[in-house]
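I sat down with this one to look up a few basics and jot them as I went. Here is the entry I was working from.

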Amino acid sequence: MFAGHHTSSGTAAWTLIELLRNPVWLARVREEIDALFAGDAAVTFQSLREVPVLESVIKETLRLHPPLVILMRGVLEDFHVVGHTVPAGKLVAISPAVSHQIPELFADPERFDIRRSPNPHLAFGFGEHFCLGAALARLEARVFFEELLAAFPHIELAGEPRHQRSNLNNALKSLPVRLYSA
């Protein structure tokens with residue numbers, strides 16, 4: 001239960017921050033929502049599926065601010081990677097916060113750019129351990145923004161926008177890490 005509240009609220013908060021930092025995308029999302037709700041149309045399941053700009057904003061926000069800091073798995077069978085054997089019984093881990101900052105995977109990774117949203121990212125895990133609530137979290141975020149932007153025609157930052165990243169991202173960048181491509 002905690003994870004569902006954490007991911008949904010965190011995603012909504014970071015999405016709002018990124019929209020306010022990027023007024024061009026905020027205007028595009030607002031146009032999309034205004035067109036969808038012209039004539040006082042209600043929020044429906046179908047309307048939640050007709051917001052591709054908002055969905056791309058949410059995906060890019062999840063890339064920049066993944067709700068899962070580390071994904072760990074137990075190794076069931078020995079496997080080999082880049083000349084190393086990882087034995088059964090060990091733990092392996094991957095950090096979306098680090099993976100999403102690899103320039104070979106995401107050009108100019110610090111930049112907010114919704115046009116890259118089709119690129120795969122690990123915000124909700126992967127494979128058979130993919131978060132069961134991922135679709136619900138994105139749906140909740142879309143509902144939140146459709147309602148918020150419909151109710152408040154003008155939203156702006158109260159102060160100067162600042163570049164804020166978690167200290168984890170900065171700390172992880174200073175670690176001696178070797179990157180391998182498969």
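What is the mean pLDDT of the protein, and what share of its residues reach 70 or more? I checked this before anything else, as this is a predicted model. The mean is 79, and 82% of the residues reach 70 or more.

**Confidence by element.** I then went through the elements one at a time. Strand E3 (residues 84–86) has the highest mean pLDDT among them, at 92, and helix H7 (residues 167–173) the lowest, at 47. Over residues 174–182 the pLDDT is below 50, and beyond near neighbours in sequence I find two contacts for that stretch in the model. Where pLDDT is low, the predicted coordinates should not be read in detail. I left that end alone.

**Layout.** I noted seven helices and four strands. Reading from the N terminus, I get α-α-α-α-β-β-β-β-α-α-α. Of the 182 residues, 37% are buried. Taking the contacts with a separation of 6 or more, 67% are between residues 24 or more positions apart. I also looked up the accessible surface: about 11400 Å², with 62% of it belonging to carbon and sulfur atoms.

**Core.** Which residues have the most contacts inside the largest nonpolar core? I wrote down Leu-19, Val-29, Leu-54 and Val-57, in a core of 26 residues. H1, helix H2 (23–36), H4 and H6 are the elements that give two or more residues to this core. I picked Val-29 and listed what it touches, skipping residues up to four places away in sequence: Leu-19, Val-53, Leu-54, Val-57 and Leu-149.

**Helix H6.** I took the span from first C-alpha to last and got 26 Å for 18 residues, close to the 26 Å expected at 1.5 Å a residue. Its buried residues are Ala-134, Ala-137, Ala-141, Arg-142, Phe-145, Glu-146, Leu-148 and Leu-149. Two charged names in that list, Arg-142 and Glu-146, sent me to the salt bridges.

**Salt bridges.** The count comes to seven. I started with Arg-142: its side chain meets that of Glu-55 at 2.4 Å, N to O. Glu-55 lies in helix H4 (residues 52–64) and Arg-142 in helix H6 (residues 134–151), so this pair ties together parts that are 87 residues apart in sequence. Are the two partners buried or exposed? Both Glu-55 and Arg-142 are buried.

Still in H4, I found Glu-60 bridged to Arg-63, with the closest N and O atoms 2.9 Å apart. The two are three residues apart in the helix, about one turn. I looked up the relative accessible area of each: Glu-60 has 1% and is buried, and Arg-63 is buried too, at 2%. Next I noted a network, in which salt bridges that share partners join Asp-108, Arg-111, Asp-113 and Arg-115.

Last, I went back to helix H1 (residues 2–21), where Glu-18 and Arg-21 sit three residues apart, about one turn of the helix. Their side chains meet in a salt bridge at 3.3 Å, N to O. Where does Glu-18 fall, buried or exposed? Glu-18 has a relative accessible area of 3%; buried means under 20%, so I put Glu-18 down as buried.

**To keep in mind.** My short version has the core drawing on H1, H2, H4 and H6, the Glu-55 to Arg-142 pair linking H4 with H6, and H7 as the element with the lowest mean pLDDT.

How values were computed. Residues numbered from 1 in each chain as written. Predicted model: local features only at pLDDT ≥ 70, side-chain atom pairs only at ≥ 80, totals over all residues. Heavy atoms only, no water. Buried < 20%, exposed > 50% of the residue type's maximum accessible area, 1.4 Å probe, protein only. Contact = heavy atoms within 4.5 Å. Areas by Shrake-Rupley, 256 points an atom, 1.4 Å probe, with all protein chains shown as cover. Salt bridge = Lys/Arg side-chain N within 4 Å of Asp/Glu carboxyl O. pLDDT = per-residue confidence, 0-100. Core = buried A, V, L, I, M, F, W, Y, C linked by side-chain atoms within 4.5 Å. Expected span 1.5 Å × (residues − 1).
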